[in-house]
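Welcome, and please open your viewer. We will go from stop to stop, and at each one you will hear what to select and what is there.

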Amino acid sequence: SKTTFNTSEGVIIDYVNQVVLMSDTELNEDRSHWIKNYGRNREDTEDEIKYITSIHTIAIELEQLRRYKEIVYVNPKQITE
């Protein structure tokens, strides 16, 4: 059977327990760039690992929006879909 995850609850829990406590230095990163280059192993196939990583990314980007009024990108002019 496939595991189901409650995404909105997961984001809230990660945000409250981890991200809101991050310093500006910790938060000032291009999370998408980090995930693309370092954060995901091509062999990672376990749904739970992908879910946790994605939830944390969403929570970080929400806090960046709250604090900085924008999501942090290495090169903001090079945003891709």
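## First stop: a patch on the surface

Select Ile58, which counts as partly exposed because its relative accessibility is 37%. Ile58 has its place in helix H4. Now add Leu62 and Leu65 to the selection: together with Ile58 they form a nonpolar patch on the surface, with about 240 Å² of accessible area. Keep in mind throughout that you are looking at a predicted model.

## The whole chain

Next, show the whole protein as a cartoon. How many helices and strands are there in the protein? You should find 4 helices and 0 strands, so named from the N terminus on as α-α-α-α. Of the 81 residues in the protein, 26% are buried. The protein exposes about 6,300 Å², and carbon and sulfur atoms supply 51% of that area. If you turn on contacts between residues at least 6 apart in sequence, 79% of them join residues at least 24 apart.

## Helix H1 and its two faces

Select residues 7-17, which make up helix H1. Colour its buried residues, Gly10, Val11, Asp14 and Tyr15. Looking down the axis of H1, you will see these buried residues fall within an arc of 125°, so they line one face of the helix. What do the buried residues of H1 pack against? Their partner is H4. Now turn to the face of H1 that points away from the buried side, where the exposed residues Ile12 and Asn17 sit.

## The nonpolar core

Keep Tyr15 and add Val19, Met22, Leu27, Ala59 and Ile60: these 6 residues make up the largest nonpolar core. Centre the view on Val19. Leaving aside neighbours within four places in sequence, Val19 is in contact with Asp14, Leu27, His56, Ala59, Ile60, Glu63 and Arg67.

## A network of charges

Two of those contacts of Val19, Glu63 and Arg67, lead to the next stop. Side chains of opposite charge can pair when their charged atoms come close. The structure holds 3 salt bridges, and a network of them links Asp24, Glu63, Arg66 and Arg67.

Begin with Asp24 and Arg67, whose side chains meet in a salt bridge at 2.7 Å, N to O. This pair links distant parts of the chain, with Asp24 in helix H2 (residues 24-27) and Arg67 in helix H4, 43 residues apart. Asp24 counts as partly exposed because its relative accessibility is 46%, and Arg67 counts as partly exposed at 23%.

Then select Glu63. Is Glu63 buried or exposed? With 0% relative accessibility, Glu63 counts as buried. Glu63 forms a salt bridge with Arg66, the closest N and O atoms being 2.8 Å apart. Arg66, at 48% relative accessibility, counts as partly exposed. The side chain of Glu63 also meets that of Arg67 in a salt bridge, at 2.6 Å, N to O.

Glu63 and Arg66 both lie in helix H4, 3 residues apart, while Glu63 and Arg67 are 4 residues apart there; each spacing is about one turn of the helix. An α-helix has 3.6 residues a turn, so residues three or four places apart point the same way.

## Last stop: Gln64

Finally, select Gln64, found in helix H4, which spans residues 47-68. Gln64 counts as buried because its relative accessibility is 0%. Which residues does Gln64 touch, not counting those up to four places away in sequence? Show Leu27, Glu29, Lys69, Glu70, Ile71 and Val72 to see them.

How values were computed
Residues are numbered from 1 along each chain as its sequence is written. This is a predicted model: local features need pLDDT of at least 70, side-chain atom pairs count only at pLDDT 80 or more; totals for chains, interfaces and linings use all residues. Side-chain values use heavy atoms; hydrogens and water are left out. Helices (H or I, at least four residues) and strands (E, at least two) are DSSP runs, numbered from the N terminus. Buried means under 20% relative accessible area, exposed over 50%, partly exposed in between (1.4 Å probe, protein chains only). Contact means heavy atoms within 4.5 Å. The arc is that of the directions from the helix axis to the C-beta atoms. Patches are made of residues with over 30% relative accessible area and no salt bridge: like charges are joined within 9 Å, nonpolar side chains (Val, Leu, Ile, Met, Phe, Trp, Tyr) within 5 Å. Accessible areas come from the Shrake-Rupley method with a 1.4 Å probe; for residues, only the protein chains shown count as cover. A salt bridge is a side-chain nitrogen of Lys or Arg within 4 Å of a carboxyl oxygen of Asp or Glu. A nonpolar core is a set of buried Ala, Val, Leu, Ile, Met, Phe, Trp, Tyr and Cys residues joined through side-chain atoms within 4.5 Å.
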